[in-house]
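Here's a quick look at the pockets in this one. Pull up the structure and follow along.

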Amino acid sequence: MKPFNELLRPNIRNLKPYSSARDEYSGAAAVFLDANENPFNAPYNRYPDPYQRELKKRIAEIKKVAAENIFLGNGSDEAIDIVIRAFCEPGTDNVVSIAPTYGMYQVAADINNIKVTKVLLTDDFELDTDSLLGATDEHTKIIFLCSPNNPTGNCFRQEDIKKVLDGFEGIVVLDEAYIDFAPEKSWLKKLTQYPNLVVLQTFSKAWGMAGIRLGMAFAQSNIINVFSKIKYPYNVNVLTQQKALELLKENDKMQQWVHELLEERTRLIENLKTKDFVQKVFPTDANFVLLKTPEPKKIYNYLVNRKIIIRDRSNVALCEGCLRITVGTPEENRELIDALAEL
C-alpha cells in the first residue's frame, strides 16, 4: 500500500471538520442549552449522537470488531460516496470495478467526476485478477469488489481477493452486503492484516432493515477517522439509531430468518430447474437467484401482470437473457411458482 497520506486528496488531508455542539459536549447533563434545539417534543427535539457511540458499541460486540473500526452511514451508499470523495481527485484519479456488479459504484464515481474502468468477470463469474490489476495505473485509487456479487450471486475465491489486496497499492473496497447468506466467512477478521481494506456491510438484507437506511463500513482507524471527518455531522438520524438498537437485541431472530431464506432458496432453485423455459440457474451465495432464459422480457412482463415483480437483468454485461429473483416468504415463493407453472 502507498503511504496513507499520499492516497488521500490534499484538501481532505487538510480538512478541518465541522464541530457540532454534540462534538464539543457529549456526556450527560440536566439542561442542554448549547445547540439551539427546541426544548419541547423530547426526545426527538435533540440532535442525534453524531458518532452513534451506543449503536457502534453494540455492533462491535456482534461483529467482533473494535468500535473505532466502524463507520455508520445512510445505507452503504453513503460509505461508497465517502470513500471516493476521500481518495479520488475529481477529473484526475480513477477507480476500477468489475462487470457485472452493483451499479452504485459507477453512479457515485460519476457524481464525483471520477472515471471508472470496468473489468469483465470470467464466463463463470469469477475474478480475472490479472486483468483487474492490469487495468490500474498511477491514478487508480480504489478497486471495488462485491462478494457475494450482485447480480451474479456468487462469492469470489478467497485467494483471488487476497491477490488483489496484495497486488494493489490503493484502497480495496469489499462489499459484503449479502455475506450473511454465504458459506464463505467475512473478511472483517483480516482488517488488521490489510491497511488498504474497507469492508462494507448493511442492515438492509439479512437484518431486514432496508427501510431505516443503515450501512456499515469497517476499516483500520485512520480510514474511519477520515470518513468521520468528511460525513455530514448528523448523518444517521435518531429514529434509525433507536430502531437499529431495538432490532439488534433480536440476533436470534435474524439467524432464523437467514435459515428460512436459505431453505426457501433451495426449494425455489429446485423448482426453477424443472421449467422448460429456464436454461440455467446460476449458483448463488446470496438471498436471490439468477436464471437464464430465452425470453426474459416476456416472463418479466407476464409476472408484472400477475402483480409479481422480479428484476430483468438481461441488459447487464454477461447477463444476457437473465432474470434475478429475490427469495421471499414461503407464501410469496409459492405464488411465484404457481404463476410460472401457468406459463
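## The second largest pocket

Let's start with the runner-up. Sorted by class, the lining of the second largest pocket has eight nonpolar, four polar and six charged residues. Bear in mind that this is a predicted model.

As for room, the second largest pocket holds about 440 Å³ of space. Its lining runs to 18 residues, and those closest to the centre are I62, K63, D180, S186 and L188. Two helices, α4 and α11 (251-272), each put at least two residues into this lining. The top contributor to the second largest pocket is α11, which supplies four residues.

## The largest pocket

Now for the main site. The largest pocket comes in at about 520 Å³ of space. It is lined by 20 residues, with R22, S26, Y47, P48 and D49 the closest to its centre.

Which elements give two or more residues to this lining? They are α4 (53-63) and α10 (238-248). Of the elements involved, α10 gives the most, with four residues. By class, the largest pocket's lining breaks down into 10 nonpolar, five polar and five charged residues.

## Where the two linings meet up

One helix is worth a second look if you're browsing both sites. α4 gives two or more residues to the lining of the largest pocket, and α4 also supplies at least two residues of the second largest pocket's lining. The leading contributors are α10 for the largest pocket and α11 for the second largest.

Key: Residues numbered from 1 in each chain as written. Predicted model: local features only at pLDDT ≥ 70, side-chain atom pairs only at ≥ 80, totals over all residues. Heavy atoms only, no water. 1 Å grid on protein atoms, 1.4 Å probe; cavity = no way out; pocket = protein on both sides within 12 Å on 5 of 7 lines; lining within 4 Å. Points joined across faces, edges and corners; volume = space filled by probe spheres on them. Nonpolar A, V, L, I, M, F, W, Y, C, P; charged D, E, K, R; others polar.
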